[in-house]
Amino acid sequence: MKSFLVPKAIHFDKDALDYLSQLDSKKAAIVTDEGVMEELGFLAKTEAKLAEAEIETTVIDGVEANPSVETVLRGKKTMLEFEPDLVIALGGGSTMDAAKIMWVFYEHPDLDFEDIIEVGSIPQLRNKATFIAIPSTSGTASEITAFSVITDTKKKIKYPIVSSEIIPDVAIVDPAIPATMPPHITANTGLDVLAHAVESFASTNASDYTDALALKAIELVFEFLPEAYKNGDNMEARDKMHNASTIAGMAFSNSSLGIIHSLAHKIGGELNVTHGLANAILLPYVIEFNYESAADKFAAIEKTLGIGSLADAIRDLNKSLNIPASFNEIEDAQFTTEDFEEILDRMSKNALQDPCTLTNPRDPSVADMKEIYQKSFFGK
């Protein structure tokens, strides 16, 4: 039996943030980033909306780009002291991912991180608090999904945590917030949306429900991402990309993903490559690897878009968005070829064991994962 699960409410379009002033809660813990939401005024706006509803607040800030187990445990401690009946994640995918797992440990403080790594292992939530997600980027769709990605900094591994329990109760999709993203983040997060949609569509767990959403998200990305990148003040493009992100999230949260994400999780953890950028670089290489195993699905995308080759169209899109064609072309990279080669074998084995590999349309081997890493690193 298959299921289709999404938040019970999705509030979208401009001024969606006003929903916060209508809430009936007592105390809210706001989880946010390392200062961007505060600098742009959205943290103050969120607090003001909650104040209108007479809700007491505390802020848990400092969530890093790759949220760590340590950050999650720090948030757990604050929540246990404050005892909120509402948890609000305000920020990008990293913030929402961290807030979800802080919430898990607040509800079940006796759990260790190792206890929730297995898919579906999180016990029942909402015993103490409900969860609202407010995305600041149009990319990860964590506001809609059963996924969270947390980094074990000691092992240098990103762990995708998967459970229907961490699907937010409410998603607030307000396009005014991602309108502040600079072009390079717009590009990286937009390609993350595309990776979600393409992998959902080709997933072995795809369904009529997820296919319709995934294909629509793919269309929106190709139509509106270039404009959102070139003209960040174009609110139609921003709105459409924000919707595309959430729509793709509804798809992949119910179909799962594939080895684009398996590979991105591991290289991101090892070499500190941001998730959206890793996905963008890997996309065409993995599509070529998977093509024959899901030829009907890829052909359907190509027919919808009116293109000859999806992999080549994505390469052209990446180029127009100044996304490097390979990992070794990343500007200001803090790794060398020697660093990559040193971790390649371990990284390939870990990627194969990633939960996202289970629904990839082609069954890969460690050697296959290694070859894709090599091609995407050196641009072969």
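The following conversation goes through a predicted model and asks how each of its descriptions was reached.

Colleague: What should I keep in mind about the numbering and the confidence limits?

Modeller: Residues are numbered from 1 along each chain as its sequence is written, and side-chain values use heavy atoms, with hydrogens and water left out. Because the model is predicted, local features need pLDDT of at least 70 and side-chain atom pairs count only at pLDDT 80 or more, whereas totals for chains, interfaces and linings use all residues.

Colleague: What makes β1, β8, β5, β4, β2 and β3 a sheet, and in which sense do they pair?

Modeller: Strands are DSSP runs of E with at least two residues, helices are runs of H or I with at least four, and both are numbered from the N terminus. Two strands pair if DSSP finds at least two bridges between them. Six bridges join β4 to β5, which run parallel, while β2 (residues 27–33) and β4 pair in the parallel sense over four bridges; β1 and β8 (residues 170–173) likewise have four bridges and are parallel. The result is an open sheet of six strands in the order β1-β8-β5-β4-β2-β3, with parallel pairing. β1 (9–12) and β3 each have a single partner strand, so they stand at the edges, with one side of each left without a neighbour in the sheet.

Colleague: Which residues stand opposite Ile 88 in these pairings?

Modeller: Ile 30 stands opposite Ile 88 in β4, and Ile 88 in turn stands opposite Ile 132 in β5.

Colleague: Why is the unit of β4, α4 and β5 called right-handed?

Modeller: A crossover is right-handed if, with the strands pointing away from the viewer, the path from the first strand over the helix to the second runs clockwise. β4, helix α4 (residues 93–107) and β5 make a β-α-β unit of that hand.

Colleague: How do you know that β4 is mostly covered?

Modeller: Buried means under 20% relative accessible area, exposed means over 50%, and partly exposed lies in between, using a 1.4 Å probe and protein chains only. For β4 (residues 86–91), six of its six residues are buried.

Colleague: Why do Thr 145, Ser 256 and Asp 13 not share one label?

Modeller: Thr 145 has a relative accessible area of 1%, so it is buried, and Ser 256 also counts as buried, at 17%. Asp 13, at 41%, is partly exposed.

Colleague: What is Thr 145 in contact with, beyond its neighbours within four places in sequence?

Modeller: Contact means heavy atoms within 4.5 Å, and the partners of Thr 145 include Lys 100, Ile 166, Pro 168 and Phe 252. Thr 145 is found in the loop between β5 (130–135) and β6 (147–152), and a polar atom of its side chain lies 3.2 Å from the backbone nitrogen of Phe 147.

Colleague: What puts the buried residues of α2 on the same side of the helix?

Modeller: In α2 (residues 42–52), the residues Phe 42, Leu 43, Thr 46, Lys 49 and Leu 50 are buried. They cover an arc of only 125° around the axis, so they lie on the same side of α2; the arc is that of the directions from the helix axis to the C-beta atoms. These buried residues pack against β2, α1 (36–39), β3 (56–63) and β4.

Definitions and conventions:
A polar contact is a pair of N or O atoms within 3.5 Å; within protein, one must be able to donate a hydrogen and the other to accept it, and residues adjacent in sequence count only if both atoms are side-chain atoms.
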